[in-house]
Amino acid sequence: MSYVVKIDDLWKRFPLRRDRPGFKEFIVNIPHFLQRNQDSHFWALKGINIGVKEGECLGVIGRNGGGKSTLLSLILGTMYPTKGNIKVSKKMTPLLELGAGFHPDITGRENILINGVLLGLMRDEVIDRMDDIISYSEIGDFVDIPVRTYSTGMYLRLAFSIAIYTDPEFLLIDEILSVGDEFFQKKSKNTIIQLIKGGVTTILVSHNLAAVKEMCNRTIWLDNGEITAEGETEKVLEEYLRNIG
Amino acid sequence: MDIIDREVKRKKDLLLLLTKKEVTLKYKRTVLGILWSLLNPLLLGLVLFIAFTIFLRFHMENYTFFLLSALFPWTWFSTSVTISSGTLIANIQLVKKVRFPRYFLVLATVLTHLVNFLFSLPVIIALAYYYGKGPSIIWLLGIPILIVVQFMATTGICLMVSILNAYFRDMEYIIAVFVNLLFWMTPIVYPLDMVPAAYRLYLAINPLTYLITAWRDIFMSSAIRWGNIGISWLVSLVFLSFGILLFQKLGKRLDEVI
């Protein structure tokens with residue numbers, strides 16, 4: 001089977017100085033800035049190779065700062081690699097930070113439209129699915145008022161509903177298996193499991209090892225920007241647990 | 001081919017929705033909202049009118065019309081540039097977490113203020129009518145051409161400004177000062193032929209001089225001067241190309257600085 005995502009020798013570097021210099025400073029002292037750019041940086045990913053085949057669910061585990069979220073952002077394309085190649089052959093549906101594309105001052109309905117289109121649908125398709133999205137999210141009449149009035153749970157529920165109604169082909173999930181109350185958590189988890197069983201390729205980043213075990217057939221363990229272990233989920237989890245225990 | 005068609009249509013949908021969002025936010029769903037946004041250039045016009053014709057006793061025929069016919073297009077330009085310097089930062093969540101063409105944010109800003117400009121056209125038509133200067137059929141040709149030219153130039157500059165501001169936080173303030181300077185370096189409140197010949201060269205290197213003059217030619221004398229329009233068009237092409245290049249180049253490292 002063909003690869004949905006193929007990553008070759010991926011490196012990602014961030015400058016360590018995160019304070020932003022002023023333009024006036026920059027103009028006055030250009031050589032200084034260019035030089036500083038060269039020496040202080042941090043490698044978030046160091047030569048990663050990953051291939052995910054169609055219909056696979058790949059788990060990504062590891063300690064905080066291991067490079068998991070950076071990896072997802074790079075695959076999604078909101079970050080660019082410093083070195084290396086990423087090839088993606090399917091439409092991506094990110095479930096990273098739910099509701100990231102929402103604007104607080106417009107209504108739920110207006111946000112559904114924009115986010116549906118951002119996630120790959122056409123406007124008319126979103127309109128067709130509007131009722132399904134609203135009913136799945138269980139936010140009811142709140143859909144016609146600005147989302148800044150929503151509770152955190154409602155906000156997340158709406159965002160999740162939009163995402164799963166955009167015909168996902170390739171899911172990128174970062175720690176979102178706790179959407180809303182327990183009832184909705186169960187519902188959303190079931191939906192994701194159904195999508196995976198239905199053949200949707202998935203990368204699941206999570207600290208919830210039970211969920212990884214349940215959903216992923218293969219897992220990689222990222223530590224310090226490098227792949228420490230890779231293979232069958234059970235074995236990788238075992239090694240991971242032994243190591244941190 | 002089908003997939004490409006679909007993507008093109010989807011991108012169009014996205015751009016329209018983003019613009020509609022900004023327009024909605026700007027006007028806050030009120031009818032008065034449109035009037036409020038016209039109030040800005042109108043008040044500026046009033047202040048300039050009082051300062052120049054009453055305090056400084058500057059006399060010129062149809063000065064109100066003269067002023068506003070340049071002030072409205074100028075407002076489209078200056079507001080777009082000022083607002084777009086903060087566009088990427090204001091939409092930081094979208095930029096960081098969602099994959100879509102980021103220049104759409106800038107385009108949406110320029111389009112939103114184009115809508116604003118279109119709302120000001122009735123005022124200009126009323127003035128033209130009042131002063132017996134038109135409107136004429138030439139407007140139907142001239143206005144769309146100038147809108148395209150100004151749209152290209154403004155978008156180019158907005159692309160540069162927005163991406164530079166992501167790298168250098170003080171860019172916003174520099175831009176504000178620069179826009180203010182540009183306002184006085186462009187023949188908006190004074191006619192070009194009143195400027196002493198020795199200084200006219202400085203105005204001649206300002207591309208906005210040609211654009212604003214072209215707007216005024218159409219509104220006040222229903223004239224299309226192809227020379228001015230040609231120069232404006234060439235300059236806007238340069239700005240647009242450079243804007244796209246810079247935005248693309250610096251955009252690749254945006255995730256590291258924003």
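Here are some worked exercises on a predicted model with chains A and B.

**Exercise 1. Get to know chain A**

Describe the make-up of chain A: how many helices and strands does it have, and what share of its residues is buried?

*Solution.* Start with secondary structure: chain A has nine helices and nine strands. Next, take its extent, which for the C-alpha trace is about 55 × 50 × 35 Å along the principal axes. Then turn to burial: of the 245 residues in chain A, 51% are buried. The accessible surface of chain A is about 11700 Å², and carbon and sulfur atoms account for 48% of that area. Finally, look at contacts between residues at least 6 apart in sequence: in chain A, 74% of these link residues at least 24 apart.

**Exercise 2. Place Val212(A)**

Find the element that holds Val212(A), then decide: is Val212(A) buried or exposed?

*Solution.* Locate the residue first: Val212(A) sits in helix α8 of chain A, which covers residues 209-215. Its relative accessibility is 0%, so Val212(A) counts as buried; the cut-off for that label is under 20%. Now list its partners, leaving out residues up to four places away in sequence: Val212(A) touches Gly59(A), Ile61(A), Leu204(A), Ser206(A), Thr219(A) and Thr233(A). Take Thr233(A) from that list. Thr233(A) is 21 residues from Val212(A) along the chain, and their C-alpha atoms are 7.7 Å apart.

**Exercise 3. Two buried residues of chain B**

Work out where Ser85(B) and Leu146(B) lie, and which residues each of them touches.

*Solution.* Begin with Ser85(B), found in the loop that links α3 (63-84) to α4 (87-90) of chain B. Although it is a loop residue, Ser85(B) counts as buried because its relative accessibility is 2%. Its side chain places a polar atom 2.7 Å from the backbone oxygen of Thr82(B). Beyond neighbours within four places in sequence, Ser85(B) contacts Val161(B), Ser162(B), Asn165(B) and Glu172(B).

Now move to Leu146(B), a residue of helix α7 in chain B. With 0% relative accessibility, Leu146(B) counts as buried too. Setting aside residues up to four places away in sequence, Leu146(B) touches Leu211(B), Ala214(B), Trp215(B), Ile218(B) and Ile229(B). As a distance to check on screen, the C-alpha atoms of Leu146(B) and Val98(B) are 34 Å apart, with these positions 48 residues apart along the chain.

**Exercise 4. Explore the largest pocket**

What is the volume of the largest pocket, and which elements give two or more residues to its lining?

*Solution.* The volume comes to about 1200 Å³. The elements giving two or more residues are α3 (68-76), β4 (83-88) and β5 (92-95) of chain A, along with α1 (2-27), α6 (103-130), α7 (138-167) and α11 (226-251) of chain B. There are 42 lining residues, and those nearest the centre are Leu76(A), Lys11(B), Arg99(B), Phe100(B) and Pro101(B). Sorted by class, the lining has 23 nonpolar, seven polar and 12 charged residues.

**Exercise 5. Look inside the largest cavity**

How many cavities of 30 Å³ or more are there, and which residues lie closest to the centre of the largest cavity?

*Solution.* The count is three cavities of 30 Å³ or more. The largest cavity has a volume of about 180 Å³. Among its 17 lining residues, Pro94(A), Glu97(A), Gly99(A), Asn115(A) and Leu119(A) lie closest to the centre. Two or more lining residues come from each of β5, α4 (108-118) and α6 (152-164) of chain A, and α6(A) gives the most, with three. By class, this lining holds 12 nonpolar, three polar and two charged residues.

Definitions and conventions:
Residues are numbered from 1 along each chain as its sequence is written. Chains are lettered from A and ligands numbered from 1 in the order in which they are written. This is a predicted model: local features need pLDDT of at least 70, side-chain atom pairs count only at pLDDT 80 or more; totals for chains, interfaces and linings use all residues. Side-chain values use heavy atoms; hydrogens and water are left out. Helices (H or I, at least four residues) and strands (E, at least two) are DSSP runs, numbered from the N terminus. Buried means under 20% relative accessible area, exposed over 50%, partly exposed in between (1.4 Å probe, protein chains only). A polar contact is a pair of N or O atoms within 3.5 Å; within protein, one must be able to donate a hydrogen and the other to accept it, and residues adjacent in sequence count only if both atoms are side-chain atoms. Contact means heavy atoms within 4.5 Å. On a 1 Å grid over the protein atoms alone, a cavity is a set of points where a 1.4 Å probe fits but cannot get out, and a pocket is an open set with protein on both sides within 12 Å along at least five of seven lines; lining residues have an atom within 4 Å of a point. Grid points are joined across faces, edges and corners, and a volume is the space filled by probe spheres set on the points. Ala, Val, Leu, Ile, Met, Phe, Trp, Tyr, Cys and Pro count as nonpolar, Asp, Glu, Lys and Arg as charged, and the others, Gly among them, as polar. Accessible areas come from the Shrake-Rupley method with a 1.4 Å probe; for residues, only the protein chains shown count as cover.
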